[in-house]
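Take a look at the model below. The report starts with one residue and then widens to the whole chain.

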Amino acid sequence: MSDGHAERLTEYVSSVARERRWPNQRPRDAATLIVIDRGGAAPKVLMGKRHHGHKFMPGKFVFPGGRIEADDRRMPAEGALPPPVEAALIARTVRPSPSRGRALALTAIRETYEETGLMIGRRAESMPAGPRAGSWASFFERGILPDLGAVHFIGRAITPPRRPKRFDTRFFAIDREAIALEEPGFVGPDKELVELLWVEVEEAMKLDLPPITVVMLQELERRAEEGFGHELPVPFYYERQKRFVRELLGPA
(Lines give C-alpha, C1' and ligand atoms only; values in the text may rest on other atoms or scores of the structure.)
Protein backbone atom coordinates (compact mmCIF):
# COMPACT_ATOMS: atom_id res chain seq x y z
CA MET A 1 0.00 0.00 0.00
CA SER A 2 1.34 3.44 -0.91
CA ASP A 3 2.25 5.88 1.86
CA GLY A 4 -0.41 8.28 0.57
CA HIS A 5 -3.21 5.71 0.77
CA ALA A 6 -2.11 4.60 4.24
CA GLU A 7 -2.12 8.23 5.38
CA ARG A 8 -5.64 8.74 4.03
CA LEU A 9 -6.88 5.71 5.96
CA THR A 10 -5.31 6.85 9.23
CA GLU A 11 -6.64 10.37 8.66
CA TYR A 12 -10.13 9.03 8.00
CA VAL A 13 -10.31 6.86 11.10
CA SER A 14 -8.76 9.64 13.23
CA SER A 15 -11.30 12.23 12.04
CA VAL A 16 -14.37 10.30 13.18
CA ALA A 17 -16.17 12.03 16.07
CA ARG A 18 -16.34 9.78 19.15
CA GLU A 19 -17.85 10.22 22.59
CA ARG A 20 -15.24 9.60 25.27
CA ARG A 21 -17.29 9.80 28.45
CA TRP A 22 -16.79 6.30 29.84
CA PRO A 23 -14.18 5.15 32.36
CA ASN A 24 -11.13 3.83 30.58
CA GLN A 25 -10.64 0.08 30.47
CA ARG A 26 -8.12 -2.42 29.17
CA PRO A 27 -8.97 -3.70 25.67
CA ARG A 28 -10.21 -7.30 25.55
CA ASP A 29 -8.89 -9.81 23.04
CA ALA A 30 -11.35 -10.32 20.18
CA ALA A 31 -11.37 -11.64 16.64
CA THR A 32 -13.49 -11.28 13.53
CA LEU A 33 -13.66 -13.18 10.24
CA ILE A 34 -14.09 -11.89 6.69
CA VAL A 35 -15.45 -14.69 4.49
CA ILE A 36 -14.61 -14.07 0.82
CA ASP A 37 -16.50 -15.56 -2.14
CA ARG A 38 -14.29 -15.63 -5.27
CA GLY A 39 -16.75 -17.58 -7.39
CA GLY A 40 -18.01 -14.66 -9.49
CA ALA A 41 -16.55 -11.96 -11.68
CA ALA A 42 -15.72 -9.84 -8.62
CA PRO A 43 -15.03 -11.11 -5.08
CA LYS A 44 -17.77 -10.70 -2.50
CA VAL A 45 -17.57 -10.53 1.28
CA LEU A 46 -20.08 -11.63 3.90
CA MET A 47 -21.58 -8.79 5.96
CA GLY A 48 -24.09 -9.08 8.78
CA LYS A 49 -26.44 -6.39 10.10
CA ARG A 50 -26.47 -6.11 13.90
CA HIS A 51 -29.76 -6.01 15.78
CA HIS A 52 -31.01 -2.47 16.49
CA GLY A 53 -31.43 -3.41 20.15
CA HIS A 54 -27.70 -3.82 20.74
CA LYS A 55 -26.00 -1.16 22.85
CA PHE A 56 -22.79 -1.64 20.87
CA MET A 57 -22.95 -0.68 17.16
CA PRO A 58 -26.75 -1.14 16.76
CA GLY A 59 -27.90 -1.55 13.17
CA LYS A 60 -24.37 -1.50 11.75
CA PHE A 61 -23.13 -3.94 9.13
CA VAL A 62 -20.13 -5.87 10.44
CA PHE A 63 -18.10 -9.03 10.00
CA PRO A 64 -18.99 -11.83 12.43
CA GLY A 65 -16.77 -11.87 15.50
CA GLY A 66 -16.46 -11.50 19.25
CA ARG A 67 -14.36 -12.03 22.36
CA ILE A 68 -12.00 -14.91 22.99
CA GLU A 69 -13.32 -17.68 25.28
CA ALA A 70 -11.53 -20.31 27.34
CA ASP A 71 -12.49 -23.24 25.07
CA ASP A 72 -10.96 -21.46 22.06
CA ARG A 73 -7.57 -22.20 23.63
CA ARG A 74 -8.32 -25.94 23.85
CA MET A 75 -10.12 -26.66 20.59
CA PRO A 76 -8.21 -29.02 18.25
CA ALA A 77 -7.91 -27.97 14.61
CA GLU A 78 -6.92 -29.16 11.17
CA GLY A 79 -3.43 -27.94 10.27
CA ALA A 80 -1.71 -24.93 11.78
CA LEU A 81 -1.49 -21.22 11.15
CA PRO A 82 1.05 -20.37 8.43
CA PRO A 83 4.34 -19.23 10.06
CA PRO A 84 4.07 -15.60 8.83
CA VAL A 85 0.55 -15.39 10.30
CA GLU A 86 1.74 -16.79 13.60
CA ALA A 87 4.64 -14.33 13.70
CA ALA A 88 2.40 -11.32 12.98
CA LEU A 89 -0.06 -12.40 15.67
CA ILE A 90 2.74 -12.57 18.25
CA ALA A 91 4.15 -9.14 17.34
CA ARG A 92 3.40 -6.18 19.64
CA THR A 93 1.75 -8.28 22.34
CA VAL A 94 2.39 -8.56 26.06
CA ARG A 95 3.70 -12.03 26.91
CA PRO A 96 3.72 -13.22 23.27
CA SER A 97 2.51 -16.76 22.79
CA PRO A 98 1.74 -18.78 19.64
CA SER A 99 -1.13 -20.44 21.49
CA ARG A 100 -2.81 -17.06 21.98
CA GLY A 101 -2.71 -16.30 18.25
CA ARG A 102 -4.08 -19.76 17.49
CA ALA A 103 -6.92 -19.23 19.97
CA LEU A 104 -7.81 -15.89 18.36
CA ALA A 105 -8.11 -17.50 14.93
CA LEU A 106 -10.37 -20.15 16.46
CA THR A 107 -12.41 -17.41 18.15
CA ALA A 108 -13.15 -15.92 14.73
CA ILE A 109 -14.26 -19.31 13.40
CA ARG A 110 -16.46 -20.05 16.43
CA GLU A 111 -18.08 -16.62 16.43
CA THR A 112 -18.81 -16.92 12.71
CA TYR A 113 -20.67 -20.15 13.38
CA GLU A 114 -22.59 -18.68 16.33
CA GLU A 115 -23.72 -15.64 14.37
CA THR A 116 -24.24 -17.03 10.86
CA GLY A 117 -24.50 -20.84 11.05
CA LEU A 118 -21.46 -21.20 8.77
CA MET A 119 -19.11 -23.91 10.00
CA ILE A 120 -15.54 -23.33 8.78
CA GLY A 121 -13.34 -26.41 8.57
CA ARG A 122 -12.89 -29.90 7.19
CA ARG A 123 -14.63 -33.18 7.90
CA ALA A 124 -12.48 -35.50 9.98
CA GLU A 125 -12.44 -39.31 9.96
CA SER A 126 -12.13 -39.26 13.75
CA MET A 127 -12.32 -36.41 16.22
CA PRO A 128 -9.57 -35.88 18.82
CA ALA A 129 -10.22 -34.92 22.42
CA GLY A 130 -11.42 -31.38 22.97
CA PRO A 131 -14.08 -29.14 24.54
CA ARG A 132 -17.51 -30.62 23.93
CA ALA A 133 -19.58 -27.78 25.30
CA GLY A 134 -21.01 -24.64 23.75
CA SER A 135 -20.60 -24.04 20.03
CA TRP A 136 -17.56 -26.30 19.70
CA ALA A 137 -19.82 -29.21 20.65
CA SER A 138 -21.61 -28.72 17.33
CA PHE A 139 -18.31 -29.14 15.47
CA PHE A 140 -17.72 -32.45 17.28
CA GLU A 141 -21.28 -33.64 16.63
CA ARG A 142 -20.85 -33.06 12.89
CA GLY A 143 -17.29 -34.38 12.71
CA ILE A 144 -15.77 -31.08 11.53
CA LEU A 145 -12.42 -29.66 12.61
CA PRO A 146 -11.76 -25.92 12.11
CA ASP A 147 -9.14 -25.37 9.41
CA LEU A 148 -6.33 -23.05 10.54
CA GLY A 149 -4.20 -23.54 7.44
CA ALA A 150 -6.69 -21.58 5.34
CA VAL A 151 -6.74 -18.53 7.64
CA HIS A 152 -5.27 -15.17 6.57
CA PHE A 153 -4.43 -12.40 9.06
CA ILE A 154 -5.25 -9.05 7.44
CA GLY A 155 -5.38 -6.48 10.23
CA ARG A 156 -5.47 -5.55 13.89
CA ALA A 157 -7.12 -2.60 15.62
CA ILE A 158 -7.53 -1.39 19.21
CA THR A 159 -10.62 0.60 20.20
CA PRO A 160 -9.70 4.13 21.38
CA PRO A 161 -9.73 4.93 25.12
CA ARG A 162 -12.84 5.99 27.06
CA ARG A 163 -15.27 4.19 24.76
CA PRO A 164 -18.13 2.03 26.18
CA LYS A 165 -16.32 -1.15 25.14
CA ARG A 166 -12.70 -1.65 24.10
CA PHE A 167 -11.32 -4.52 22.05
CA ASP A 168 -7.95 -5.52 20.68
CA THR A 169 -9.40 -7.08 17.54
CA ARG A 170 -7.64 -9.29 15.01
CA PHE A 171 -9.23 -9.34 11.57
CA PHE A 172 -8.90 -12.66 9.77
CA ALA A 173 -10.04 -13.70 6.30
CA ILE A 174 -10.90 -17.05 4.77
CA ASP A 175 -12.28 -18.26 1.45
CA ARG A 176 -15.90 -19.34 1.18
CA GLU A 177 -14.66 -22.74 -0.02
CA ALA A 178 -13.54 -23.40 3.57
CA ILE A 179 -17.20 -23.60 4.69
CA ALA A 180 -17.92 -27.23 5.51
CA LEU A 181 -21.55 -26.79 6.54
CA GLU A 182 -24.26 -24.11 6.46
CA GLU A 183 -26.99 -24.33 9.07
CA PRO A 184 -30.23 -22.31 8.95
CA GLY A 185 -31.86 -20.44 11.80
CA PHE A 186 -28.93 -18.37 13.06
CA VAL A 187 -29.98 -15.05 11.49
CA GLY A 188 -33.32 -13.31 11.96
CA PRO A 189 -35.27 -10.53 13.70
CA ASP A 190 -34.59 -11.89 17.19
CA LYS A 191 -30.95 -12.89 16.60
CA GLU A 192 -27.65 -11.03 17.01
CA LEU A 193 -27.52 -10.54 13.24
CA VAL A 194 -30.83 -9.76 11.56
CA GLU A 195 -29.56 -9.96 7.97
CA LEU A 196 -26.67 -11.44 5.96
CA LEU A 197 -25.40 -10.10 2.64
CA TRP A 198 -22.84 -11.36 0.14
CA VAL A 199 -21.71 -8.11 -1.41
CA GLU A 200 -18.85 -6.78 -3.53
CA VAL A 201 -16.44 -4.57 -1.60
CA GLU A 202 -17.43 -1.44 -3.54
CA GLU A 203 -21.10 -2.04 -2.63
CA ALA A 204 -20.22 -2.96 0.95
CA MET A 205 -18.63 0.47 1.36
CA LYS A 206 -22.08 2.03 0.83
CA LEU A 207 -23.57 0.20 3.83
CA ASP A 208 -23.80 1.63 7.35
CA LEU A 209 -20.38 0.49 8.59
CA PRO A 210 -18.24 1.17 11.67
CA PRO A 211 -15.19 3.26 10.67
CA ILE A 212 -12.69 0.47 11.31
CA THR A 213 -14.73 -1.85 9.06
CA VAL A 214 -14.39 0.70 6.25
CA VAL A 215 -10.63 0.72 6.80
CA MET A 216 -10.30 -3.07 6.86
CA LEU A 217 -12.31 -3.45 3.65
CA GLN A 218 -9.85 -1.15 1.94
CA GLU A 219 -6.92 -3.02 3.48
CA LEU A 220 -8.46 -6.23 2.16
CA GLU A 221 -8.69 -4.79 -1.36
CA ARG A 222 -5.08 -3.66 -1.35
CA ARG A 223 -3.91 -6.98 0.06
CA ALA A 224 -5.71 -8.80 -2.75
CA GLU A 225 -4.04 -6.53 -5.31
CA GLU A 226 -0.65 -7.43 -3.81
CA GLY A 227 -1.27 -11.17 -4.13
CA PHE A 228 -2.92 -11.93 -0.77
CA GLY A 229 0.16 -13.81 0.42
CA HIS A 230 0.63 -14.76 4.05
CA GLU A 231 4.04 -13.06 4.03
CA LEU A 232 2.57 -9.57 3.45
CA PRO A 233 2.85 -7.27 6.49
CA VAL A 234 -0.28 -6.81 8.59
CA PRO A 235 -1.56 -3.27 9.41
CA PHE A 236 -2.08 -2.48 13.08
CA TYR A 237 -4.25 0.53 13.98
CA TYR A 238 -4.20 2.12 17.43
CA GLU A 239 -4.51 5.57 18.93
CA ARG A 240 -1.65 7.73 20.16
CA GLN A 241 -2.50 11.18 21.55
CA LYS A 242 -6.01 10.95 20.05
CA ARG A 243 -4.69 10.24 16.54
CA PHE A 244 -4.59 6.84 14.91
CA VAL A 245 -1.28 5.29 13.97
CA ARG A 246 -0.88 2.60 11.30
CA GLU A 247 1.98 0.25 12.12
CA LEU A 248 3.00 -2.80 10.07
CA LEU A 249 3.43 -6.18 11.75
CA GLY A 250 5.64 -8.75 10.07
CA PRO A 251 8.08 -8.39 7.17
CA ALA A 252 8.63 -4.88 5.84
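Is Thr169 buried or exposed? Thr169 has a relative accessible area of 14%. It counts as buried, because the cut-off is under 20%. The model is predicted.

Thr169 sits in strand 9, which spans residues 167-175. Setting aside residues up to four places away in sequence, Thr169 touches Ala30, Ala31, Thr32, Gly155, Arg156 and Ala157.

**Cores**

The largest nonpolar core holds 39 residues, and within it Phe139 and Phe172 touch the most other members. Helix 3 (residues 98-116) contributes the most to this core, with seven residues. Beyond its neighbours within four places in sequence, Phe172 is in contact with several residues, including Leu33, Ile34, Leu89, Leu104 and Val151. A second, separate core has 24 residues, among them Ile36, Ala157, Phe171 and Val215. In soluble globular proteins, nonpolar side chains tend to be buried together.

**Whole chain**

The chain has six helices and 13 strands. It is as compact as a globular protein of its length, because its radius of gyration is close to the value from the globule rule.

| Quantity | Value |
|---|---|
| Radius of gyration | 17 Å |
| Globule rule for 252 residues | 18 Å |
| C-alpha box along the principal axes | roughly 50 × 45 × 40 Å |
| Exposed area of the chain | about 12300 Å² |

Carbon and sulfur atoms supply 49% of the exposed area. Buried residues make up 48% of the 252 residues. Of the contacts with a separation of 6 or more, 71% join residues 24 or more positions apart. The chain carries 39 positive and 36 negative side chains. The centres of these two sets lie 8 Å apart.

Notes:
Residues numbered from 1 in each chain as written. Predicted model: local features only at pLDDT ≥ 70, side-chain atom pairs only at ≥ 80, totals over all residues. Heavy atoms only, no water. Helix = DSSP H or I, 4+ residues; strand = E, 2+ residues; numbered from the N terminus. Buried < 20%, exposed > 50% of the residue type's maximum accessible area, 1.4 Å probe, protein only. Contact = heavy atoms within 4.5 Å. Core = buried A, V, L, I, M, F, W, Y, C linked by side-chain atoms within 4.5 Å. Rg over C-alpha atoms; globule rule 2.2 N^0.38 Å. Areas by Shrake-Rupley, 256 points an atom, 1.4 Å probe, with all protein chains shown as cover. Lys, Arg positive; Asp, Glu negative; His and termini not counted. Charge placed at Lys NZ, Arg CZ, Asp CG, Glu CD.
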